[in-house]
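Work through the exercises below with the structure open. Each one gives a task and then a solution in steps.

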Amino acid sequence: MVNKAPLSTAGAVLLAAFAAGAQVNAPEPASVPHLEKRGNATQLMVDGRPYLALAAELANSASSNLEYLEPYWSRLVASHVNTVLVAVSWELIEPEPGKFDFSLVDGVIHDARKHNLRLMLLWFGSWKNSMSTYAPTWVKKDTKQYPLLVDENGHNLNMMSVFYEANWKADANAYRALMRHVREVDGKDQTVLMMQIENEVGIRGTFRDHAPEAEKALNGPVPKELMDYLAKNRDSLIPEIRKQWADNGNKTSGTWRGVFGSDRRGDGIFMSWYYARYMDQVAAAGKAEYPIPTFVNAALGDWVGQYSSGAALADTLNIWQAAAPHIDILTPCIYRPVFSEWAALFHRAGNPFFIPETRPDPGYAVWAFGRHDLIGFSPFAYERSADGNTPLARAYDVLGQLAPLILEGQSKGTIGAAVLVPDTQSESVELGGYTFEIKRGRGPGAPPANQQAPGRAGAQAGVQQAAGGRGQTGVPPEQGTFASSTGYAMFISTGPDEFVIMGSGAQITFRPHAPGPKTASIATLEEGRYVDSRWVPGRRLNGDDTSLEYSLGEQAKLNQSGQGLRFGNDPSIVHLTIYRY
Ligand code: DGJ
């Protein structure tokens with residue numbers, strides 16, 4: 001699903017097709033935004049270089065009126081956002097069949113360029129949050145031509161059925177026109193970097209479609225492509241799919257219910273395949289015009305949950321991968337606990353990691369960039385709260401300075417990160433021969449010591465959980481509230497005994513875990529900023545700014561020197577060199 005460096009065969013074929021069909025403003029194929037596997041990480045390549053998307057998604061209706069949107073652009077810029085996720089609505093671009101109006105798209109591209117921002121467009125086509133509210137009225141009104149999903153009571157629900165060719169063809173036709181237009185107006189400047197197909201698809205209110213074509217498909221054979229995929233990837237399947245297949249006899253052919261069972265998981269696999277096929281046809285139509293990376297997003301739940309049967313859920317990753325080769329990333333919208341567990345569930349099975357929607361929490365952003373090779377982080381409806389002083393804006397400022405180092409660290413595996421939440425006592429990161437221990441800060445702006453609650457260390461974010469380790473679905477519990485982070489740190493190893501560290505609300509000690517003298521301490525510690533990738537030093541830190549403990553005898557028993565790093569609430573960067581004794 002990812003263009004390997006320099007390009008997979010599929011990618012090369014697409015690009016060749018694209019080059020052949022290119023008209024106005026056609027870019028050189030090599031410069032089209034694309035995903036590339038670089039060392040350990042899959043990264044988004046823009047202008048021939050890896051790109052870190054410090055993004056924000058606009059509220060749903062914001063891009064339906066340029067005048068409404070106007071004041072928000074500069075606020076996003078002040079917030080150090082570099083990429084904006086913007087909805088494009090089917091009903092607004094194709095008000096009558098075959099008659100397209102791209103004035104809003106053009107306006108958004110124009111205004112983004114004016115503010116030096118990049119875009120990702122969200123195609124609100126057949127479905128937005130399961131429902132078909134963004135389809136044009138001429139589609140909505142003609143349910144005979146464009147059939148809806150039918151529930152077990154025979155009721156039409158407001159969701160276009162995935163089982164009818166007319167539905168995906170109408171959607172794909174509009175999406176193809178959109179992508180042709182994007183190529184024509186933006187192929188050279190490449191303001192638009194990636195596309196999202198539909199938005200949080202999946203069924204609500206019932207578990208599978210009962211429309212006549214759906215019944216026919218359910219009683220038909222599992223397509224050979226899926227059976228072949230499962231057989232070929234048997235050893236690397238995610239545990240959820242492997243188990244569901246095994247529980248039903250590991251059959252290599254049969255009807256859907258014969259192969260995957262007739263419980264909700266079995267029906268979930270059936271619906272996932274058909275949603276993914278539908279959306280793959282839409283993605284393919286768009287990529288034939290302009291092959292930039294394409295993702296889908298998912299509201300988090302599990303496949304036996306109340307809604308989203310058929311969605312691109314963590315449980316059904318393999319089904320989507322098999323069904324949708326034109327979709328490059330399956331992404332989570334993380335509003336629910338536990339952030340780290342959702343990250344681990346989506347960043348597996350070769351799926352690159354991108355978060356199109358979440359809360360504007362800087363700790364999770366830093367953690368995911370440093371721990372999970374994250375391509376981009378994007379809080380939802382952020383334009384409403386964006387200004388240069390939000391905690392996320394201050395973190396984006398620093399992340400922007402560090403972006404080249406972060407991207408290099410991701411590809412070389414020389415980066416690590418930790419995030420602290422209210423019930424975390426400490427986290428640890430192993431990197432470059434040292435173990436760093438990160439605790440709640442006691443520096444300026446840190447919470448008082450009596451608010452430093454003890455708790456289940458590592459439970460929220462610092463420790464990557466083995467996927468599938470929580471029973472059959474591998475999905476975290478539904479209960480609980482999303483815990484805001486209280487501090488964070490990111491570590492980049494830049495040479496032997498040398499690190500660049502960014503942090504906020506944290507205090508950090510370290511000890512060696514490589515052979516040699518048992519205690520490590522600070523040789524030099526310098527704060528500073530990166531200006532155009534050049535380090536501009538600030539204060540040299542020592543004394544009260546680095547002495548964390550004075551009971552040196554006690555510290556020696558712990559292989560500690562008493563020296564360490566303090567980060568106040570304002571995120572900052574330090575250069576650290578270490579010596580041992
Ligand atoms: C998730 C959806 O994807 C967004 O478009 C928006 O509806 C938010 N939920 C609202 O919280």
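**Exercise 1.** Find where helix H15 is kinked, and say what follows the helix.

Solution. Step 1: in this predicted model, locate H15 at residues 391–412. Step 2: go to Leu-402, where the helix has a kink of about 65 degrees. Step 3: read on a little along the chain to the proline Pro-404, since the kink lies shortly before that residue. Step 4: pass the end of H15 to Gly-413, which has a positive phi near 70 degrees.

**Exercise 2.** Compare the span of helix H2 with the expected value, and describe its bend and its two ends.

Solution. Step 1: H2 covers residues 66–78, 13 residues in total. Step 2: from the first C-alpha to the last, H2 reaches 19 Å. At 1.5 Å a residue, 18 Å is expected, and the model is close to that. Step 3: H2 does have a kink of about 30 degrees, centred on Tyr-72. Step 4: at the start of the helix, Asn-65 brings a side-chain oxygen to within 3.0 Å of the backbone nitrogen of Glu-67. Step 5: just after the helix comes His-80, with a positive phi of about 65 degrees.

**Exercise 3.** Which residues of H2 are buried, and what covers them?

Solution. Step 1: the buried residues are Leu-69, Tyr-72, Trp-73 and Leu-76. Step 2: consider the spacing. An α-helix has 3.6 residues a turn, so residues three or four places apart point the same way. Step 3: look at the cover, which includes strands S4 (53–57), S5 (83–89) and S6 (118–128) as well as helix H4 (103–114).

**Exercise 4.** List the residues around the ligand and give its polar contacts with Asn-60, Lys-128 and Glu-357.

Solution. Step 1: the surrounding residues are Asn-60, Lys-128, Asn-129, Asn-199, Glu-200, Glu-357 and Phe-380. Step 2: an N or O atom in the side chain of Asn-60 is 2.9 Å from a ligand oxygen. Step 3: for Lys-128, a polar side-chain atom lies 3.0 Å from an oxygen atom of the ligand. Step 4: for Glu-357, the distance from a polar side-chain atom to a ligand oxygen is 2.6 Å. Step 5: the ligand taken alone exposes 300 Å², of which the protein buries 72%.

**Exercise 5.** Describe the protein chain as a whole.

Solution. Step 1: the chain has 16 helices and 25 strands. Step 2: of its 581 residues, 57% are buried. Step 3: take the contacts between residues at least 6 apart in sequence; 74% of them join residues at least 24 apart.

Definitions and conventions: Residues numbered from 1 in each chain as written. Predicted model: local features only at pLDDT ≥ 70, side-chain atom pairs only at ≥ 80, totals over all residues. Heavy atoms only, no water. Helix = DSSP H or I, 4+ residues; strand = E, 2+ residues; numbered from the N terminus. Expected span 1.5 Å × (residues − 1). Bend = angle between axes of the 7 residues up to and from the residue. Buried < 20%, exposed > 50% of the residue type's maximum accessible area, 1.4 Å probe, protein only. Contact = heavy atoms within 4.5 Å. Polar contact = N/O pair within 3.5 Å; in protein donor to acceptor, adjacent residues only side chain to side chain. Near = heavy atom within 4 Å. Areas by Shrake-Rupley, 256 points an atom, 1.4 Å probe, with all protein chains shown as cover.
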